[in-house]
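Trainee: I am new to this structure and would like a close look at a single part of it, followed by an account of what lies around that part. Please take it slowly and keep the pieces connected.

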Amino acid sequence: MTAILDHLNAFAAGKIARSHAMPGAFYTDPALLEIEKEKVFRREWICIGHADEVKTPGDYFTTDLVGEPLLVTRNAAGEVNVLSNVCRHRGNIVAEGRGKRNLHVCAYHAWSYDRDGRLVRAPLMEQVADFDAAACSLPRIRSTVWQKFIFVNLDGSASPLEGRLAALEPQVRNYHNEERHLYFEREEVWATNWKCLAENFMEGYHLDATHPQTLKPVTPTGLCERVPGNGFFSAYKAHYTPESEQRRPFHPDLTPAEQRYSFLFSVFPAFVVTYMPHLTVYLCLRPVDTDHVAIRWGIAGHAETIPAEALAAHVKFADDFNAEDRVKLETLQRGLKSRFYRPGPLAADDLEGTIRDFYDYMARLLTA
Ligand code: FES
Ligand SMILES: [Fe+2]
């Protein structure tokens, strides 16, 4: 534990060359994960889902983030709320799963909360002299919706997300993700560290070797181009081979150049997404433990409704390349535990520079 923190301190201070990968402990040390929960996942903006998951008032879903049960609702005014999903009576979990309802009734003693978390019914509590229902709302967690993605900041201390991403905005504006509709979403758990997946999604070096049939024919490694980040995000363009078919339909605002690449970006620490001309594929990551990551992922596009066969084809495309990544990342996690592993040099900036961007960010936060 001390060794990996020493390494991160030296990295943050510029005393270690930025040319090499991180030691295995970065991905395997349970003590480091506890620090990540406190200094990263509680303090930063974490994407927990897509706004279309709560499309109309009353829609809700539940999730958890580093041990915090969360309830996401859409209220009567059409706003997205992120509430603590823990009953203000004696601490039971209030809502489960997802669905549509205007009242969330705790199953233990039937205290009932509305979509804004206000306690509206508490059976027999009128017998208690100084009972104040207004003081028993579910705590509201700081949240924001950026390009239809729901972000939360558990400790309320992060600088505004919109400001952090202002430099990214012009790069992604023409895709009009805010007009895309959620086609599909699913949750999975993979047996790898959350950072392995965050890094994998953001580097084009593996595309040729890991995805020879699925991605290489359109977005080969050799055509990847890193886009400079600003410490809060990283990005790269996966340019399309000239002979590949145009992906459509796309928004008319997309420039001819933008029609010929996928724009992949990471909102640090744990949200990765690709904007293709015709589709969005995103992954919200949360650590389960050092060896497991929970992935809430989805696909969005421009059509209001999509035929079942077209949807099945999109899901199969994503499932196929995800399966290829999963195999590599689950074996990688085993390799990273070896005491013989010595971190090797990273590839060129266009291919693995985004990994360095991520190391800079993590080292900055973990050593703060
Ligand atoms: S713990 Fe929820 S009503 Fe008692
Ligand atoms: Fe991949």
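**One sheet and its setting**

Mentor: Let us begin with an open sheet of three strands, which run in the order S6-S7-S8 with antiparallel pairing; please keep in mind throughout that the model is a predicted one. The edges of this sheet are strand S6 (104–105) and strand S8 (119–121), each of which pairs on one side only. Strand S7, residues 112–113, is joined to S8 by two bridges in the antiparallel sense, and within that pair Ser-112 faces Arg-121 of S8.

To place the sheet, step back to the domain assignment, which divides the protein into domain 1 (2–45 + 162–366) and domain 2 (47–152). The C-alpha centres of domain 1 and domain 2 are 31 Å apart, and the contact between them takes 19 residues from domain 1 and 14 residues from domain 2. On the side of domain 1 that touches domain 2, the elements giving two or more residues are helix H3 (30–41), strand S11 (181–190), strand S16 (279–289) and strand S17 (292–301). Sorted by class, that side of domain 1 holds nine nonpolar, three polar and seven charged residues.

The interior of the protein also involves both domains. Its largest nonpolar core has 90 residues, and the members that touch the most other members are Ile-46, Cys-47, Ile-48, Val-72, Phe-151 and Ala-198. Helix H9 supplies the largest share of this core, eight residues, while domain 1 and domain 2 each give at least three residues to the core. As a general background, nonpolar side chains tend to be buried together in soluble globular proteins. Among the residues just named, Ile-46 repays a closer look: setting aside neighbours within four places in sequence, Ile-46 is in contact with Phe-41, Leu-65, Phe-151, Val-152 and Ala-270.

Ala-198, another of those core residues, leads us to helix H6, residues 194–201. Because seven of the eight residues of H6 are buried, this helix is largely enclosed by the rest of the structure. The buried residues in H6 are Trp-194, Lys-195, Cys-196, Leu-197, Ala-198, Glu-199 and Phe-201. Helix H9, the source of the largest share of the core, spans residues 349–366 and includes Asp-360. That residue is not buried: Asp-360 has 17 other C-beta atoms within 10 Å, so it counts as partly exposed. The C-alpha atoms of Asp-360 and Thr-214 are 31 Å apart, the two residues being separated by 146 residues along the chain.

Next come some details of the backbone, for which it helps to recall that most residues other than glycine have a negative phi, and that most peptide bonds are trans. Val-66 has a positive phi, near 35°, although it is not a glycine, and its place is in the loop between strand S2 (59–65) and strand S3 (68–74). With 16 other C-beta atoms within 10 Å, Val-66 is partly exposed. Lys-148 likewise has a positive phi, near 75°, in the loop between strand S9 (143–146) and strand S10 (149–152), and Lys-148 is partly exposed, with 19 other C-beta atoms within 10 Å. Two peptide bonds also deserve mention. The bond from Arg-248 to Pro-249 is cis, with omega near 5°, and Pro-249 sits in the loop between strand S13 (233–239) and strand S14 (261–267). The bond from Phe-268 to Pro-269 is also cis, with omega near 5°, and Pro-269 belongs to the loop between S14 and strand S15 (271–275).

Finally, consider the protein as a whole, which has nine helices and 17 strands. Its radius of gyration is 22 Å, close to the 21 Å that the globule rule gives for 368 residues, so the protein is as compact as a globular protein of that length. Along the principal axes, its C-alpha trace spans about 70 × 55 × 35 Å. Of the 368 residues, 39% count as buried. Among contacts with a separation of 6 or more, 64% are between residues 24 or more positions apart. With that picture in mind, you can return to the sheet where we began, with S6 and S8 at its edges, and follow the chain outward from there.

Key
Residues numbered from 1 in each chain as written. Chains lettered and ligands numbered in written order. Predicted model: local features only at pLDDT ≥ 70, side-chain atom pairs only at ≥ 80, totals over all residues. Domains from an automatic or database assignment. Contact = placed C-beta atoms within 7 Å. Helix = DSSP H or I, 4+ residues; strand = E, 2+ residues; numbered from the N terminus. Nonpolar A, V, L, I, M, F, W, Y, C, P; charged D, E, K, R; others polar. Pairing = 2+ DSSP bridges. Buried ≥ 20, exposed ≤ 12 C-beta atoms within 10 Å, placed from the backbone. Rg over C-alpha atoms; globule rule 2.2 N^0.38 Å. Core = buried A, V, L, I, M, F, W, Y, C linked by C-beta atoms within 7 Å.
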